[in-house]
Amino acid sequence: MTNNQPILSFCMTCRDGREAIQHDVRGGIRLAQAFLFHSDKAQLNGCQLRGVQCMSNCKRSCIVSLSSTGRFSYMFGDLDISEPGYIKALSDLIPLYLAAPEGFLRRHERPRFLRENILGRLPPPGSSSDLVTILEEMDAHSIPTHI
């Protein structure tokens with residue numbers, strides 16, 4: 001893996017409430033399996049895929065994150081395995097992420113199925129994004145009170 005290679009992480013311990021009818025296979029595992037089976041490998045652009053044993057967002061499963069060195073990190077939840085649009089949206093997200101400066105994607109730039117399911121968007125250290133304000137360069141009275 002290179003330093004700036006994107007990583008798509010799947011929470012393997014997420015439950016989606018369908019385990020009883022899916023032979024006790026957790027939703028996160030089934031989501032990862034569906035992604036591996038249905039995704040276009042060429043579109044992944046060398047993205048590393050990995051499973052994580054709990055991403056600590058149990059009330060919003062199934063959880064997936066996308067991250068890379070020097071780029072924004074994203075976490076998405078409530079991904080419904082029975083809706084194929086989520087698998088396609090995850091595949092479509094990777095080239096958009098790689099093409100965007102610092103991987104920053106506004107809501108309308110993300111695939112439709114990943115617009116309302118975002119749980120977090122974290123800027124990388126040293127980000128030049130206009131979303132980031134260096135607070136140590138300000139005093140308490142110069143911090144804007146409205147945006």
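In this predicted model, E102 lies in the loop between α2 and β5. E102 is not a glycine, yet its phi is positive, at about 55°. Another such residue is S56, a non-glycine with a positive phi of about 55°, located in the loop between β2 and β3. Because its relative accessibility is 62%, above the 50% limit, S56 counts as exposed. The loop between β2 (48-52) and β3 also contains C62, which is joined to S61 by a cis peptide bond with omega of about 0°. As background, most residues other than glycine have a negative phi, and most peptide bonds are trans.

The account now turns to helix α2, which covers residues 84-99. At 1.5 Å a residue, its 16 residues should span 22 Å; the C-alpha atoms at its ends are 24 Å apart, which agrees. At the start of the helix, a side-chain oxygen of E83 comes to within 3.0 Å of the backbone nitrogen of G85. The buried residues of α2 are G85, Y86, I87, A89, L90, S91, L93, I94 and Y97. Elements that cover these buried residues include β1 (7-11), α1 (27-38), β3 (64-67) and β4 (73-76).

Two of the buried residues in α2, Y86 and Y97, also take part in aromatic pairs. A pair of aromatic rings is described by the distance of the centres and the angle of the planes. The structure holds five aromatic pairs. In one of them, Y74 and Y97 meet edge-to-face, with 6.1 Å from centre to centre and 80° between the planes. This pair links distant parts of the chain, since Y74 belongs to strand β4 and Y97 to helix α2, 23 residues apart. Both partners fall under the 20% limit for burial: Y74 counts as buried because its relative accessibility is 2%, and Y97 because its value is 0%.

The rings of Y86 and F113 have centres 5.0 Å apart and planes at 70°, so this pair is edge-to-face. Y86 is in helix α2 and F113 in the loop between α2 and β5 (118-122); the pair therefore ties together parts that are 27 residues apart in sequence. With a relative accessibility of 11%, Y86 counts as buried.

What else surrounds the ring of Y97? The charged end of R71 sits over that ring, 5.6 Å from its centre. In addition, Y97 forms one aromatic cluster with Y74 and F76.

Key. Residues are numbered from 1 along each chain as its sequence is written. Side-chain values use heavy atoms; hydrogens and water are left out. Helices (H or I, at least four residues) and strands (E, at least two) are DSSP runs, numbered from the N terminus. The expected span of a helix is 1.5 Å times one less than its number of residues. Buried means under 20% relative accessible area, exposed over 50%, partly exposed in between (1.4 Å probe, protein chains only). Contact means heavy atoms within 4.5 Å. A polar contact is a pair of N or O atoms within 3.5 Å; within protein, one must be able to donate a hydrogen and the other to accept it, and residues adjacent in sequence count only if both atoms are side-chain atoms. Rings of Phe, Tyr and Trp (its six-membered ring) pair if their centres lie within 6.5 Å; planes under 30 degrees apart count as stacked, over 60 as edge-to-face and the rest as tilted. A charge sits over a ring if NZ of Lys or CZ of Arg is within 6 Å of the ring centre and within 35 degrees of the ring normal.
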